[in-house]
Amino acid sequence: MIPAPLAAPSVDMSVLEAHDLIKTYEVGRGFFAPPGVVRAVSGISLRLAPRKTLAVVGESGSGKSTLGRMLALIEPPTDGHLSIDGVDVTGVYGARLKALRRSVQMVFQNPYGSLNPRRTIRATLEEPLIVNTDLGPDERRARALDMLARVGLRPEHAERYPHMFSGGQRQRIAIARALMLRPKIIVLDEPVSALDVSVRAQVLNLLADLQEEFDLAYVFVSHDLSVVRHIADDVMVMYLGGVVEQAAKEAIFADPRHPYTRALLSATPVADPGRPRDRIVLTGELPSPFAPPPGCSFNPRCPIAVERCRAEKPALHGEGDRLTACHLAE
Amino acid sequence: MALLEIENLSVDFETRSGGLFRAVDGVSLKVDPREIVSIVGESGSGKSVAMLAVMGLLPKTARVTADRLAFEGMNLLGITPAARRKVVGKDIAMIFQEPMSSLNPCFTVGFQIGESLAAHLGLGRAARRARAIELLELVGIPSPESRLAAFPHQLSGGMSQRVMIAMAIACSPKLLIADEPSTALDVTIQAQILELLVRLRDEKDMALVLITHDMGVVAETAERVVVQYASQQVEEAKTLDLFRDPHHPYTAALLAALPERATEKRLPAIPGMVPGQWDRLDGCRFAPRCAVATAVCSTRPPTRAAADLGRALCHTPLVAGRPTTRSDVAEGVSA
């Protein structure tokens with residue numbers, strides 16, 4: 001059976017908790033070379049309460065998608081602990097893992113690639129029910145049509161194929177599919193970055209409505225800070241697999257403490273031509289994850305780096321929920 | 001004299017069903033030397049196709065018509081392909097959205113930069129190499145000598161885009177058309193590329209046409225903006241004016257839908273979606289989604305308003321957010 005949506009979530013209870021998650025990959029570098037080890041995610045801890053949105057921000061190669069996939073139980077972490085709704089999921093496999101997967105679902109970036117072009121929308125929406133529940137065909141159909149209506153599509157859309165829909169509609173379908181099992185957590189990997197501005201606003205509104213209706217917790221992976229500022233409660237900024245800053249949204253945007261967060265904020269174009277520009281343009285690019293720089297991973301691009309940054313890796317520190325990984329952040 | 005003059009440009013594509021699809025409908029644009037003009041619109045609004053028509057890069061199925069299409073006074077419409085190739089790539093250059101797929105994976109970066117130098121300037125091997133190094137240095141690629149022998153797959157996205165820019169400015173063009181130059185890149189790299197384009201404009205005295213969908217990029221880079229919707233140009237204004245007081249309801253709705261301009265949790269989204277090929281109305285194409293549409297909007301196509309109203313393609317252009325009756329169109333007179 002499908003677990004009913006959480007009746008009355010208490011505020012301090014977290015549905016998702018991660019401690020020191022690490023993910024490494026072995027990558028072959030040619031026949032004679034020894035395989036290299038890439039640390040895609042190193043030591044990330046987080047908590048997420050129902051009805052809250054945690055935004056994970058970073059550039060490509062920062063490990064934000066890998067983190068999202070671990071939280072969605074698509075990939076097991078190499079080390080660390082992950083618990084969903086109070087149940088530790090590390091080391092769980094088989095039928096129990098399958099049962100846990102119902103409570104976490106994922107929406108992917110590209111709605112053109114994430115829907116099977118040869119299946120009708122109804123078949124796509126019923127698939128999770130077939131795999132995870134023992135509902136009969138009539139009940140499955142009813143639930144699929146109901147969910148379609150909730151994401152703003154009409155019943156006659158059910159028998160159509162993905163190519164007959166626009167990008168925004170496809171993303172609605174992908175969101176409906178993620179909701180079919182009534183999960184508690186949804187990992188959204190860049191859900192609106194492939195959409196046009198006018199449609200993007202529609203989908204963001206839909207996500208906000210559904211969060212209210214189903215008491216969902218969102219992990220919102222994005223590189224777009226203007227969207228994050230709108231939708232998030234907490235923000236985690238990642239750089240080269242690690243967290244550089246983690247805090248409530250208001251704190252991050254009003255008073256960014258890590259130089260990378262500051263650069264990211266100043267580099268984001270703002271639709272206000274009168275605004276004075278004090279852009280911090282970073283030099284260089286993200287270093288290769290095969291050979292991360294010694295000390296702070298941001299030091300080769302950091303405008304305020306000192307000698308200590310090149311030798312010693314800063315730990316994530318701070319008071320309460322306001323954490324920064326920088327030697328110079330007081 | 002304007003550098004690029006486009007008057008009433010239309011592009012039709014033959015479709016498989018035998019009909020014609022109008023991808024660009026009556027677009028006019030003037031670009032002065034050293035100016036940064038931005039063309040903004042959603043996907044499918046025809047913003048790229050209009051510029052590809054200028055470059056002559058459209059496939060054979062395209063029918064390009066215009067009252068005037070001129071570069072530095074030279075008519076680009078009637079000239080032979082050979083004469084056009086003398087201009088395109090030399091005086092007008094273009095960079096594309098996907099730097100990774102725009103570079104040829106089989107040739108080194110140095111060779112690809114050298115191609116236009118050989119074709120347009122007739123430089124010899126040594127001169128090409130020297131110029132290529134100079135160009136890579138100009139676009140901010142570290143140790144350019146060693147990068148000449150690199151293949152595109154050895155470069156990151158930001159580096160590939162820099163190489164694309166180096167290729168485009170190789171012959172010191174007077175006009176650079178940049179089609180979503182920073183969309184596929186990360187935010188910090190996007191900032192570097194936009195900075196580079198503006199710097200090149202300042203140093204090299206070239207005009208820049210920036211095609212984008214990102215209002216933030218427009219606000220920070222462009223001097224003048226053209227807004228396109230469903231193949232038509234709906235508004236044209238100075239950047240400051242456009243953001244302060246948009247005259248076309250589509251521009252106003254687009255700006256209101258930006259998350260950074262939102263004041264509440266729910267964004268003022270534009271309902272519905274862009275009309276497809278076959279469901280374009282007789283009247284204004286934005287009417288079904290427009291918040292201030294009247295009965296006349298869905299039956300009669302609007303004409304252009306005056307220049308102080310952003311040449312808005314609207315029956316009731318907005319002033320300070322409110323629809324107004326146009327004085328230049330008398331009631332009952334068909335446009």
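This report walks through some strands of chain B, the sheet they help to explain, and the contact between chains A and B.

Everything here comes from a predicted model, so please keep that in mind as you look at the structure.

**A short strand and its partners**

Let's start with strand β5 of chain B, which covers residues 68-71. One face of β5(B) is covered and carries B:L69 and B:F71. The other face, with B:R68 and B:A70, is uncovered. Why do the residues take turns like this? In a regular strand, side chains alternate between the two faces of the sheet.

Strand β5(B) pairs with two other strands, β1(B) and β6(B). The table puts these pairings beside one from another part of chain B, between β3(B) and β9(B).

| Strands of chain B | Sense | Bridges | One bridge pair |
|---|---|---|---|
| β1 (residues 4-14) and β5 | antiparallel | four | B:L4 and B:F71 |
| β5 and β6 (residues 74-75) | antiparallel | two | B:A70 and B:N75 |
| β3 (residues 36-41) and β9 (residues 207-212) | parallel | five | B:V37 and B:V209 |

Two of these residues may look familiar. B:F71, on the covered face of β5(B), is the bridge partner of B:L4. B:A70, on the uncovered face, has B:N75 in β6(B) as its bridge partner.

Strands β5(B) and β6(B) also form a hairpin, with two residues between the strands. What sign does the phi angle of B:E72 have in this hairpin? The phi of B:E72 is positive, near 55°.

**The six-stranded sheet**

Now find the open sheet of chain B, whose six strands lie in the order β7-β8-β9-β3-β10-β11, with mixed pairing. Which strands are at the edges? They are β7 (92-95) and β11 (232-238) of chain B, each of which pairs on one side only. From one strand to the next, the twist averages 15°.

A helix packs on this sheet too: α7 of chain B, residues 157-168, touches β7 and β8 (175-179) of chain B. The direction of α7(B) makes about 170° with that of β7(B).

**Where the chains touch**

Finally, look at the contact between the chains, which takes 33 residues from chain A and 37 residues from chain B. On the side of chain A, the elements giving two or more residues are α6 (197-214), α7 (225-231) and α9 (259-267). Helix α6(A) gives the most, with eight residues. By type, the residues on this side of chain A divide into 15 nonpolar, eleven polar and seven charged.

Conventions
Residues numbered from 1 in each chain as written. Chains lettered and ligands numbered in written order. Predicted model: local features only at pLDDT ≥ 70, side-chain atom pairs only at ≥ 80, totals over all residues. Buried ≥ 20, exposed ≤ 12 C-beta atoms within 10 Å, placed from the backbone. Pairing = 2+ DSSP bridges. Axes fitted to C-alpha atoms, helices over the stretch in contact; angles between N-to-C directions. Contact = placed C-beta atoms within 7 Å. Nonpolar A, V, L, I, M, F, W, Y, C, P; charged D, E, K, R; others polar.
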